[in-house]
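Opening the notebook on a new structure today. I want the sheet, the packing and the cysteines sorted out, in that order.

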Amino acid sequence: RTLGGGLPRIFQTMCEVLGWQIAALWLVDQRSTLLSCVEMWRQPVVEAGAFETVSLRTTLSRGAGLPGRVWEKGEPIWIPDVGVDANFPRAEAALRAGLRAAVGFPILLGDQILGVVECFSHEIHQPDAELVKALATIGRQMGQFLERKRAEDRASAYARQLEQTNRELDAALIEAQAATK
């Protein structure tokens with residue numbers, strides 16, 4: 001469902017390079033048309049257990065919160081201070097964890113938004129146009145990777161199904177041969 005075992009390493013590298021403390025992956029559930037937080041990474045020294053719990057239990061509609069706004073607009077959004085953002089439902093938990101600035105960017109496959117990544121910092125940060133452009137590029141690359149992972153998962157499931165069918169056919173043939181003897 002997610003980017004697999006490589007996601008924590010991707011988030012770690014991204015946060016270390018950018019100087020952010022937490023990253024979260026939100027995926028679009030096409031059936032319910034909601035975003036769900038499915039995975040989070042945080043620097044080991046960051047105490048944000050309550051914020052993680054709230055995030056992982058939260059679903060957001062299009063336009064709600066940072067992930068929902070990114071989903072609605074299809075482009076990165078920067079919040080310099082979540083404490084004063086009127087559309088940040090998890091603000092109380094974020095502030096208790098010492099989180100201030102947030103940035104979110106879409107995971108894109110062509111024009112389709114597969115999900116949203118959001119990153120948090122303990123510092124208030126003003127928007128950085130170059131960083132926003134870099135995050136948009138990362139989002140497109142993650143979309144391609146996610147689609148490849150999903151295709152591999154579908155191929156593996158098909159191969160397992162084919163193996164099971166072959167075993168059932170072999171058993172039926174053996175049974176049929178035994179019945180004719």
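Note to self before anything else: this is a predicted model.

**Sheet.** I started with the strand order. I get six strands in an open sheet, running β3-β2-β1-β6-β5-β4, with antiparallel pairing. At the edges sit β3 (59–60) and β4 (77–79), each with a partner on one side only. I then looked up β1 and β2: residues 22–29 pair with residues 34–42 in the antiparallel sense, over eight bridges. For register, I noted that Leu27 is opposite Ser36 in β2.

**Helices on the sheet.** Next I checked what lies across the strands. Helix α2 (residues 49–57) crosses β1, β2, β3 and β6 (112–121), at about 155 degrees to β2. Helix α3 (residues 65–73) lies across β1, β2, β3, β4, β5 (101–109) and β6, and its angle to β6 is about 140 degrees.

**Cores.** Which residues have the most contacts inside the largest nonpolar core? I find Ile22, Phe51 and Phe88, in a core of 28 residues. At least two residues each come from β1, β2, α3, β4, α4 (91–96), β5 and β6. The biggest giver is β1, with four residues. I pulled the contacts of Phe88, skipping residues up to four places away in sequence: Leu66, Arg69, Ile79, Val82, Ala94 and Phe120. Apart from this core I logged another, of 21 residues, including Leu7, Met14, Ala101 and Val103.

**Gln21.** I got curious about this one, in the loop between α1 (7–18) and β1. Is Gln21 buried or exposed? Its relative accessibility is 12%, so I file Gln21 as buried, the cut-off being under 20%. Leaving out neighbours within four places in sequence, I list its contacts as Cys15, Trp41, Arg42, Gln43, Val46, Phe120, Ser121 and His122.

**Cysteines.** How many disulfides does the structure hold? I count zero. Cys37 is in none, and the nearest cysteine sulfur, in Cys119, is 12 Å away. Cys37 is buried too, at 5% relative accessible area. Why is there no bond between Cys119 and Cys15? The sulfur of Cys119 has its closest cysteine sulfur in Cys15, but the two are 4.7 Å apart, so they are too far for a bond; I need them within 2.5 Å to call a disulfide. Cys119 is buried as well, with a relative accessible area of 1%.

Terms used:
Residues are numbered from 1 along each chain as its sequence is written. This is a predicted model: local features need pLDDT of at least 70, side-chain atom pairs count only at pLDDT 80 or more; totals for chains, interfaces and linings use all residues. Side-chain values use heavy atoms; hydrogens and water are left out. Two strands pair if DSSP finds at least two bridges between them. Contact means heavy atoms within 4.5 Å. Axes are lines fitted to C-alpha atoms, for helices over the stretch in contact, and angles run from 0 to 180 degrees between N-to-C directions. A nonpolar core is a set of buried Ala, Val, Leu, Ile, Met, Phe, Trp, Tyr and Cys residues joined through side-chain atoms within 4.5 Å. Buried means under 20% relative accessible area, exposed over 50%, partly exposed in between (1.4 Å probe, protein chains only).
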